[in-house]
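Reader: I have this structure open and would enjoy a close look at one part of it. Could you pick a helix and walk me through its surroundings?

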Amino acid sequence: MPTPAWLKQFVAERGLTDRFVADALEHLAPLADALTGKGARRIGLSGGQGTGKSTLGACLQALLENEHRKHAALLSLDDFYLPRTERLALAETVHPLYRTRGVPGTHDTGLLARTIGALDGTAGSVELPVFDKSRDDRSDSRRSVRLPVDIVFLEGWCVGAVHQRGIELERPVNALERQEDPDGRWRCDVNERLSRDYEPVFAQLDTLVFLKPPGYESLYRWRAQQEHELLAQRGSGMTDTELTRFMQHYERLTRACLDRLPAEADVVIDLAEDHSIAAVLFSDGENPGS
């Protein structure tokens with residue numbers, strides 16, 4: 001199958017490899033066909049750090065618009081972080097570990113729910129927030145999405161996560177929890193906010209796509225490779241020690257999602273160790289590439 005012009009441009013703009021082109025043609029194009037055929041409207045894209053959710057979501061958006069003439073909006077959970085001042089207030093009043101953004105409790109879920117609802121409109125446009133990671137705060141700029149929208153994607157590392165039982169929270173999963181949350185106050189608060197504020201938003205999704213790595217250790221290796229490249233190219237990035245502590249903030253829920261979502265997601269994208277797509281399977285056993 002020849003590579004369409006829009007895909008060549010997509011790959012060039014993002015500095016992607018020929019391997020991504022092969023994955024897009026073999027796996028993502030059939031997936032877009034299947035999602036369209038099943039009438040998916042609100043689609044969650046879930047996967048741990050480094051799985052490639054943002055790139056995959058952008059490619060599916062481009063596939064739907066170029067091959068199916070569907071207007072798709074791509075939302076990132078990262079863009080809905082609370083302003084820095086509010087997150088620092090959480091760190092001061094609830095627990096110091098809230099200084100690191102990312103876990104449930106550090107997003108404006110009310111704004112997210114309202115935005116998803118607004119995208120059901122039939123005329124006008126919807127303004128989307130933009131988070132500036134270099135400033136660790138919301139940007140003054142906004143993205144505008146014209147209405148109507150056929151399909152909405154929401155991508156994020158904990159999309160589709162569910163709260164844990166109390167007994168599951170008792171035992172620390174890593175050094176961060178043992179040393180900086182010995183009484184479990186932080187992880188219990190994160191768990192409560194996930195249940196109260198996030199799960200109702202995730203319940204609005206009618207389809208969940210889960211990017212499944214070979215294992216948790218693969219996520220660390222992939223993210224470490226990204227940080228090493230940033231250090232080499234720009235002189236900025238996390239050291240291995242900094243990265244280890246950083247990822248421990250998310251380890252509990254990431255491992256819980258790895259245990260649960262492969263059996264519960266509507267679509268599982270099985271990733272190989274080299275980050276390529278090994279297979280795409282629907283929960284009903286259907287293979288969109290067959």
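Author: Happily; here is a walk along one helix and on into the sheet beside it.

Please keep in mind that the model is predicted. The helix I would choose is α2, which covers residues 18-37. These 20 residues reach 28 Å from the first C-alpha to the last, close to the 28 Å expected at 1.5 Å a residue. Even so, α2 has a kink of about 40°, centred on Ala24. Just after the helix comes Gly39, with a positive phi near 70°.

Now for the side chains. Ala24, where the kink is centred, is buried. Other buried residues of α2 include Phe20, Val21 and Asp23, then His27 and Leu28, and further along Pro30, Leu31 and Leu35. It helps to recall that an α-helix has 3.6 residues a turn, so residues three or four places apart point the same way.

What do the buried residues of α2 pack against? Two of the partners are helices, α1 (5-14) and α3 (53-67). The others are strands: β1 (42-46), β6 (207-212), β7 (267-271) and β8 (277-282).

Those strands lead us to the sheet. Six strands make it up, in the order β2-β5-β1-β6-β7-β8; the sheet is open and its pairing is mixed. At the edges stand β2 (72-76) and β8, each with a single partner strand, so one side of each lacks a neighbour in the sheet. On average, neighbouring strands here are turned by 15° against each other, direction ignored.

Let us stop at β6, one of the strands that α2 packs against. Five of the six residues in β6 are buried, leaving the strand mostly covered. With β1, β6 pairs in the parallel sense over four bridges, and Leu208 in β6 is the bridge partner of Gly44. With β7, β6 again pairs in the parallel sense over four bridges; there, Phe210 has Val268 of β7 as its bridge partner.

Finally, look at two other helices around the sheet. α3, already met as a partner of α2, lies across β1, β2, β5 (151-156), β6 and β7, and runs at about 170° to β2. Helix α11 (residues 251-264) also packs on the sheet, where α11 touches β1, β6 and β7. The direction of α11 makes about 125° with that of β6.

Conventions
Residues are numbered from 1 along each chain as its sequence is written. This is a predicted model: local features need pLDDT of at least 70, side-chain atom pairs count only at pLDDT 80 or more; totals for chains, interfaces and linings use all residues. Side-chain values use heavy atoms; hydrogens and water are left out. The expected span of a helix is 1.5 Å times one less than its number of residues. The bend at a residue is the angle between axes fitted to the seven residues ending there and the seven starting there. Buried means under 20% relative accessible area, exposed over 50%, partly exposed in between (1.4 Å probe, protein chains only). Contact means heavy atoms within 4.5 Å. Two strands pair if DSSP finds at least two bridges between them. Axes are lines fitted to C-alpha atoms, for helices over the stretch in contact, and angles run from 0 to 180 degrees between N-to-C directions.
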